[in-house]
Amino acid sequence: MERQKAMLASYFRELASAREAGRKVVYTFVPGNLTELIRAAGALGVYPEVNALQSAMRQKSEGYVREAERLGHSEDVCSYVKCDIGMLAAGNFGPTGEKLPPPDLLLLSYTGCFTFMKWFELLQKQYNCELAMLHVPYQAEGAVTEEMRRYVAQQLRTEVIPKLEKVTGRKVDLDELASLLAASARAEDDLSWVLDSARHTPSPIDAYFGGVYYVGPIFTAFRGTEACAEYYGELRPEVEGRIERREGPVMPNGSLAEERFRLGVEGPPNWTHFRDFWKIFYDEGAVVVASTYTKVGGFYDHGFRHGSDADPLLSLADYCLGCYTNQSLPARVELLASYVRDFHADGFVVNSLKSCNSFSVGQLVMLREVEQRTGVPGGFIETDLVDPRYYSQSNIKNRIESYLQMISRRREQA
Ligand code: SF4
């Protein structure tokens with residue numbers, strides 16, 4: 001956690017001085033982010049969702065959301081968008097208080113969420129800068145075809161790279177890109193191993209609340225860097241040690257003494273009350289052993305690694321196509337059911353977010369389907385990403401406690 005905080009702080013400092021350093025800046029979304037390509041073009045990436053969630057963790061998001069609503073954005077709009085718009089209206093100071101540079105390029109990797117398009121349309125009006133659109137076909141049939149891969153790679157070649165080169169004035173070297181992808185793959189091996197370690201009993205990690213810290217560097221600006229390799233090089237032995245000592249995960253109030261419940265979770269967390277939310281689970285001895293949210297910025301479960309195709313552009317296409325937000329409802333149901341089975345979960349909780357339609361649509365159907373396939377009961381709660389008006393600690397606590405009591409009663413009866 002400390003190392004990641006330091007990495008982020010240093011990255012925001014780098015962004016704040018990007019203009020003086022002559023660095024170009026590319027805004028892009030976490031799902032489908034082309035971090036290695038941006039680096040190969042010599043530019044720095046800005047990730048609006050990360051700014052929003054970091055602002056929420058520092059209790060700055062509510063004011064931004066309200067400001068966006070004052071400017072006319074509806075209550076129903078994704079609160080990440082409103083947080084970003086409100087932050088921009090307030091001078092575009094990032095979560096650490098340093099000013100964010102305006103984008104030279106908006107790089108829109110469209111991976112399943114329609115809001116991405118509307119969000120960057122708004123930013124384009126504000127900044128009047130270059131915009132590159134990468135259309136990633138939705139995995140409606142639950143599979144990626146060769147045509148889909150080639151279609152995405154072709155757009156990288158003819159739309160994204162030329163625009164990157166235009167704004168940075170630097171040619172993208174595909175060999176350099178390939179070596180950045182190879183460095184990413186090494187870190188991704190470590191991340192996959194860490195997330196998989198939750199199969200142990202007791203689980204040495206919490207794969208949702210703790211998982212947020214495990215996926216951080218790989219989901220954002222650090223893929224392909226030395227700092228990223230060091231981060232995962234430190235994380236993996238730490239988790240190995242916990243397995244050897246049969247220790248549970250580190251939770252908000254220290255190591256968990258007894259693992260009473262193993263859960264799967266679907267949906268992103270609430271960020272404004274992140275630690276209070278986590279503590280509800282911690283107090284009950286509930287450990288999240290697998291979550292879908294830790295797959296939004298890259299899906300590595302089934303073996304995908306950056307650079308696994310000899311053509312770096314096809315490899316980036318595979319990455320974008322595989323993002324969780326780009327997967328169909330039946331595929332998401334099967335994934336969650338497999339987590340319940342493979343990680344020996346006692347139950348699973350769906351955290352339905354008021355403002356994220358991309359995740360929330362169909363979640364009640366998912367709940368029933370996963371219950372049927374696994375025979376394990378599901379729990380349902382409702383919160384929001386970065387709008388604290390839609391988070392009620394007492395309500396969530398009541399629901400989670402009743403849900404876990406129900407699992408206990410079933411155990412006793414069994
Ligand atoms: S609706 Fe959900 S997936 Fe789409 S931009 Fe908002 S938080 Fe991200």
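The following exercises, with worked solutions, concern helix packing and salt bridges in a predicted model.

**Exercise 1. Packing of helix 5 and helix 6**

Determine how the axes of helix 5 (residues 79-89) and helix 6 (residues 114-127) are oriented, and which residues make the contact.

Solution.
1. The two axes approach within 11 Å, and their crossing angle is roughly 10°.
2. Angles under 35 degrees count as roughly parallel, so helix 5 is roughly parallel to helix 6.
3. Helix 5 contributes Tyr80, Val81, Asp84, Ile85 and Leu88 to the contact. From helix 6 come Thr115, Trp119, Leu122, Leu123, Gln126 and Tyr127.
4. Sorted by class, the contact of helix 5 with helix 6 comprises eight nonpolar, two polar and one charged residues.

**Exercise 2. A salt bridge within helix 6**

Describe the salt bridge of Lys118 with Glu121, its place in helix 6 and the accessibility of both residues.

Solution.
1. In the salt bridge between Lys118 and Glu121, the closest N and O atoms lie 3.1 Å apart, and the criterion is a separation within 4 Å.
2. Because Lys118 and Glu121 are three residues apart in helix 6, about one helical turn separates them.
3. The relative accessible area of Lys118 is 39%, which makes this residue partly exposed. Glu121, with 40%, is likewise partly exposed.

**Exercise 3. A salt bridge within helix 7**

Carry out the analysis for Lys163 and Glu159 of helix 7 (residues 146-168).

Solution.
1. Lys163 pairs with Glu159 in a salt bridge whose closest N and O atoms are 3.1 Å apart.
2. The two residues are four apart in helix 7, so Lys163 and Glu159 are separated by about one helical turn.
3. Buried means under 20% relative accessible area. Lys163 has a relative accessibility of 21% and therefore counts as partly exposed. Glu159 has a relative accessible area of 23% and is also partly exposed.

**Exercise 4. Arg170 and Glu176**

State the N to O distance in the salt bridge of Arg170 and Glu176, and classify both residues by accessibility.

Solution.
1. The side chains of Arg170 and Glu176 form a salt bridge with an N to O distance of 3.4 Å.
2. Arg170, at 35% relative accessibility, counts as partly exposed.
3. Glu176 has a relative accessible area of 29% and is partly exposed.

**Exercise 5. Salt bridges in the structure**

How many salt bridges does the structure hold, and which residues are linked with Glu146 in a network?

Solution.
1. The structure contains 37 salt bridges.
2. Glu146 is linked with Arg149, Arg150, Asp309 and Asp318 in a network of salt bridges.

How values were computed:
Residues numbered from 1 in each chain as written. Predicted model: local features only at pLDDT ≥ 70, side-chain atom pairs only at ≥ 80, totals over all residues. Heavy atoms only, no water. Axes fitted to C-alpha atoms, helices over the stretch in contact; angles between N-to-C directions. Parallel < 35°, antiparallel > 145°, perpendicular 65-115°, else oblique. Contact = heavy atoms within 4.5 Å. Nonpolar A, V, L, I, M, F, W, Y, C, P; charged D, E, K, R; others polar. Buried < 20%, exposed > 50% of the residue type's maximum accessible area, 1.4 Å probe, protein only.
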